[in-house]
Structures are given as C-alpha cells and as structure tokens.
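Here are my notes for when you open the file. I've kept them as numbered points so you can click through as you read.

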Amino acid sequence: MSLFNRFYQQIAGNRLSHWLTSLPQQLANWQKHELHGEFSKWQKTIDALPNTSPSMINITDTVQVGQGDDITSGEQQRISNLLKNLKPWRKGPYHIHGVHIDTEWRSDFKWDRLKSHISNLENRYVLDIGCGSGYHLWRMRGEGAKFVVGIDPTQLFMMQFNAVQHFIKDDNVNLLPLGVEHLPELKAFDTVFAMGVLYHRKSPIDFLQQLKAQLAPGGELVLETLVIEGDKHTVLVPGDRYAKMRNVWFLPSCEALVFWMERLGFKNVRVVNTDQTAFEEQRQTEWMDTESLQDFLDPNDPNKTIEGYPAPLRAIIVANV
C-alpha cells in the first residue's frame, strides 16, 4: 500500500490532477528502493503516538496542538519520549499537548519577517520547496492557504511532519520526500516558497528556473537565501566549507540575485528584508544537541564564519511571473 494514497485522492479533485501522470510511479520507486535504514523504526514511533482529542489547534500565531491538561501526565511524557526518538528537530517550534519541541531554528522569527511582505495566502495553492519538518506549511495553512504541499528529500523531516500531522489531521497540508529536481513543470501554484535552499544548489540559475516552472500565471515566488554584500557582479563561491557546511555553492549579493531573476523573466523583483542570523534564532537545544550557529562562527569575531567568510546574512526576495 502506498504511503501517499490520501494525497493522490486529494489532488485527483483539484488543479494538481495532472501531476498524477508521473507522481505515483515516482513515489512507488522511492518507496521500493530508497527508504532510509531507520524508516521502519521512525514509523513505529509515529504508530505508538497516542490518539488524542485536542481542545484547540492554533496554527495562526504558532503551531500548537491542544494543552497539557487535555491528556494525562503519563500520556504527555509518552509523547515527549516518542518525539525525542525523531531527533534532531531543526525547524519549529512546536507545542504538542504541553510538550515544547524547542527546535534548533526559531522558524517563527523568519515567518514574522516575511509575512507582511507577501500576498495574502487566502485560498491559494502553495508549494514550499525544502520545507524541512514542515513548520512553515502549518503557518501557511494558518494564513488561509487552500492547499499546501511541501517537498523535502530528507526522510527524517517527513517523519517529523507526519508526527505533527498525527495530532493536527489536516488533509490539505502535505509533505512529499522529493527534491525540486523531481518536479515536472506543474505551473499550478499561486505561491512558491524556497527558503534556505538556493545556496545548496550547484546550479542556481537552473534552480530559479525550476521554481518559475511551478508557478501559475501571475503567481508569486518567495525566495529566502544566504547573500553577501556587493554589486550585481558579486558572488561568493566558498571553498570546501562555509560555516562548517560542505554543500554551499553560491552566495550572491542581493543585486546579483535580482539581476539573475530579472534575466529569467521574473517580474517586480524586490528585496524586502535582510537580516544577519542571530544566536537567538539558531542554537543548540535538548531537541537538537549537536553543533549550531555559535560553533560555526569565529569565536573572536561573530561577523565572520569559522573559515573567515562573512557571517550568514539572509535576504528575502519576492517576485512574480
């Protein structure tokens, strides 16, 4: 039985129905050949989560399911222990029946920076590329999005999403274990988000073209990425690592990125925010207890990475097709 039958049933009746010509076979191959060695263990963790009746669900101001007194203290401890089996939790935070999943990233900070600069999501079809555990999927749905799809090839992130979905149970929010390179030209989404992905791609121009191919006419792209200071010709190509990350390829200036996007045919391209990542936003917690931002920067100069590059500066660019 496919893990994704519910999703297929959902899109059969909406504007994504043309995706059914390729997606089921693609995911069947994934399920047959690409499951992570820990997948069955993660699935058992999710299956062991108790079924609850939350007194409230808030995905407008945060991602909160129920309250602590909805369940017994034993059930609360059981939820906490099971969810810790899915560590590390990187994007969040989540509040599940009084269990605070204090993730490495305060992803709500990013959401607060961008939400006033984007189009109203009410009744929109939304795609989030590189969505991690799906924190922003819930916030998008909380802003009124009609149908939300996240893609991320990291299987642990999908299982973390499934754990939260176990409690929220919203068929209009979905996560698929795919990368952007696996998507056909859907041209179906009103808004496409790509946050924290571009600098991991070996070919940023191709990546931007892939994003454009997912948007319906008049749609909006919300791009968030690492940048550096400079003019439209400035691009940093780091050596072996940037902030201890091996898979960082291109860090353009804002002007260069706008120039690239305009050359690809994006319209109304504008930089709406730049922000240097702070220790309050990315840090170690009991839910992600390996190295984090503080370990990635020069201990004598937080404006530089440990390798001597400019410290992480993030920009949000919004554009239309």
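1. A quick convention before the sheets: two strands pair if DSSP finds at least two bridges between them. With that in hand, strand 11 and strand 17 run antiparallel and are joined by eight bridges. One bridge to look up is Glu-224, whose partner in strand 17 is Ile-316. Bear in mind throughout that this is a predicted model.

2. Now the overall picture. The protein has 10 helices and 17 strands. A compact globule of 321 residues would have a radius of gyration near 20 Å, and the protein has 20 Å, so the two agree. Along the principal axes, the C-alpha atoms fill a box of roughly 55 × 50 × 40 Å. Buried residues make up 52% of the 321. The exposed area is about 14000 Å², with carbon and sulfur atoms supplying 46% of it. As for contacts with a separation of 6 or more, 71% of them come from residues 24 or more positions apart.

3. Back to the sheet that holds strands 11 and 17. Seven strands make up this open sheet, in the order 9-8-7-10-11-17-14, and the pairing is mixed. Strand 9 (173-176) and strand 14 (267-276) are the edges, each pairing on one side only. From one strand to the next, the twist averages 15°.

4. Where does the parallel part show up? Strand 10 (residues 189-195) and strand 11 (residues 215-227) run parallel, with six bridges between them. Met-195 has Glu-224 of strand 11 as its bridge partner. Helix 8 (residues 204-212) packs on the sheet here, touching strand 7 (125-129), strand 10 and strand 11, and its direction makes about 145° with that of strand 11. Glu-224 is worth a click, as it is the bridge partner of Met-195 and also has Ile-316 as its partner in strand 17.

5. Strand 17 deserves a point of its own. Is it enclosed or open to solvent? Eight of the eight residues in strand 17 (residues 313-320) are buried, so the strand is largely enclosed by the rest of the structure. In a regular strand the side chains alternate between the two faces of the sheet. For strand 17, Leu-313, Ala-315, Ile-317 and Ala-319 sit on one side, Arg-314, Ile-316, Val-318 and Asn-320 on the other, and both sets are buried. Strand 14 runs antiparallel to strand 17, joined to it by seven bridges; in one of these, Asp-275 has Arg-314 as its partner.

6. Which residues does Ile-118 touch? Leaving out residues up to four places away in sequence, it touches Phe-193, Glu-220, Val-222 and Val-318. Ile-118 is found in the loop between helix 5 (107-114) and strand 7. Its relative accessibility is 13%, so it counts as buried, the cut-off being under 20%. Ile-118 and Ile-317 are 199 residues apart along the chain, yet their C-alpha atoms are separated by 9.8 Å.

7. At the N-terminal end, look at helix 1 (residues 5-12), whose buried residues are Phe-7, Tyr-8 and Ile-11. Seen down the helix axis, these fall within an arc of 100°, so they line one face of helix 1. They pack against helix 2 (23-33), strand 8 (147-151) and strand 9.

8. There is another open sheet, with four strands in the order 1-2-4-5 and mixed pairing. Its edges are strand 1 (57-58) and strand 5 (99-101), each paired on one side only. Strand 2 (residues 64-65) and strand 4 (residues 94-96) pair in the parallel sense over two bridges, and Val-65 stands opposite Ile-96.

9. Last, some backbone geometry to look over. The peptide bond joining Lys-87 and Pro-88 is cis, with omega about 5°, and Pro-88 is in the loop between helix 4 (73-84) and strand 3 (91-92). The bond from Gly-92 to Pro-93 is cis too, with omega near 10°. Two non-glycine residues to check have positive phi: Asn-123 at about 65° and Ala-243 at about 50°. Asn-123 counts as exposed at 52% relative accessibility, whereas Ala-243 is buried at 3%.

Terms used. Residues numbered from 1 in each chain as written. Predicted model: local features only at pLDDT ≥ 70, side-chain atom pairs only at ≥ 80, totals over all residues. Heavy atoms only, no water. Axes fitted to C-alpha atoms, helices over the stretch in contact; angles between N-to-C directions. Contact = heavy atoms within 4.5 Å. Rg over C-alpha atoms; globule rule 2.2 N^0.38 Å. Buried < 20%, exposed > 50% of the residue type's maximum accessible area, 1.4 Å probe, protein only. Areas by Shrake-Rupley, 256 points an atom, 1.4 Å probe, with all protein chains shown as cover. Arc of directions from axis to C-beta.
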